[in-house]
Amino acid sequence: TSGARLETYVMIGERGSGMIRLNGASAHLIKPGEEIIIMGFELAEGPLQPKVILVNEKNRFVRYL
């Protein structure tokens, strides 16, 4: 909701926890409770089919777009 943009790496967390944590410099840009958009990128040999999902306030899957 702040409009801040950042690029960082991903670390595996506890499956099913719904927790999204920002560490380091990125933690200064996004505050707890803000709504964020997460985009993932992958290097691949061929084309991939993108997946766009919505989650609720507890980061639980709601639906595909």
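These are numbered notes on a predicted model, from the overall form down to single residues.

1. Overall form. The protein has two strands and zero helices. Its radius of gyration is 13 Å, well over the 11 Å that the globule rule gives for 65 residues, so the protein is more spread out than a compact globule. The C-alpha trace spans about 35 × 25 × 25 Å along the principal axes.

2. Burial and contacts. Of the 65 residues, 5% count as buried. Among contacts with a separation of 6 or more, 41% are made by residues 24 or more positions apart. Two places in the segment before β1, G18 and E34, are taken up below.

3. The hairpin. Strand β1 covers residues 53-55 and strand β2 covers residues 61-64; they pair in the antiparallel sense over three bridges. One pairing to look at is L54, whose bridge partner in β2 is R63. Five residues lie between the strands of this hairpin.

4. N59 in the loop. N59 sits in the loop between β1 and β2. Its phi is positive, about 60°, although N59 is not a glycine. Most residues other than glycine have a negative phi. Is N59 buried, exposed or partly exposed? N59 counts as partly exposed because its relative accessibility is 30%, and the partly exposed class runs between the 20% and 50% limits.

5. G18 against the hairpin loop. G18 belongs to the segment before β1. Which residues does G18 contact, once neighbours within four places in sequence are left aside? They are K58, N59 and R60. The C-alpha atoms of G18 and K58 are 6.2 Å apart, although 40 residues separate the two along the chain. N59, the residue with the positive phi, is thus one of the contacts of G18.

6. E34, a buried charge. E34 is also placed in the segment before β1. E34 is buried and has no salt bridge. The nearest side chain of opposite charge is that of K31, 6.6 Å away; a salt bridge would need the charged atoms within 4 Å.

7. What surrounds E34. A polar atom of the E34 side chain lies 2.8 Å from the backbone nitrogen of S2. Not counting residues up to four places away in sequence, E34 touches T1, S2 and L29. S2 therefore appears both in the list of residues that E34 touches and as the owner of the backbone nitrogen at 2.8 Å.

How values were computed:
Residues numbered from 1 in each chain as written. Predicted model: local features only at pLDDT ≥ 70, side-chain atom pairs only at ≥ 80, totals over all residues. Heavy atoms only, no water. Pairing = 2+ DSSP bridges. Helix = DSSP H or I, 4+ residues; strand = E, 2+ residues; numbered from the N terminus. Buried < 20%, exposed > 50% of the residue type's maximum accessible area, 1.4 Å probe, protein only. Lys, Arg positive; Asp, Glu negative; His and termini not counted. Polar contact = N/O pair within 3.5 Å; in protein donor to acceptor, adjacent residues only side chain to side chain. Contact = heavy atoms within 4.5 Å. Rg over C-alpha atoms; globule rule 2.2 N^0.38 Å.
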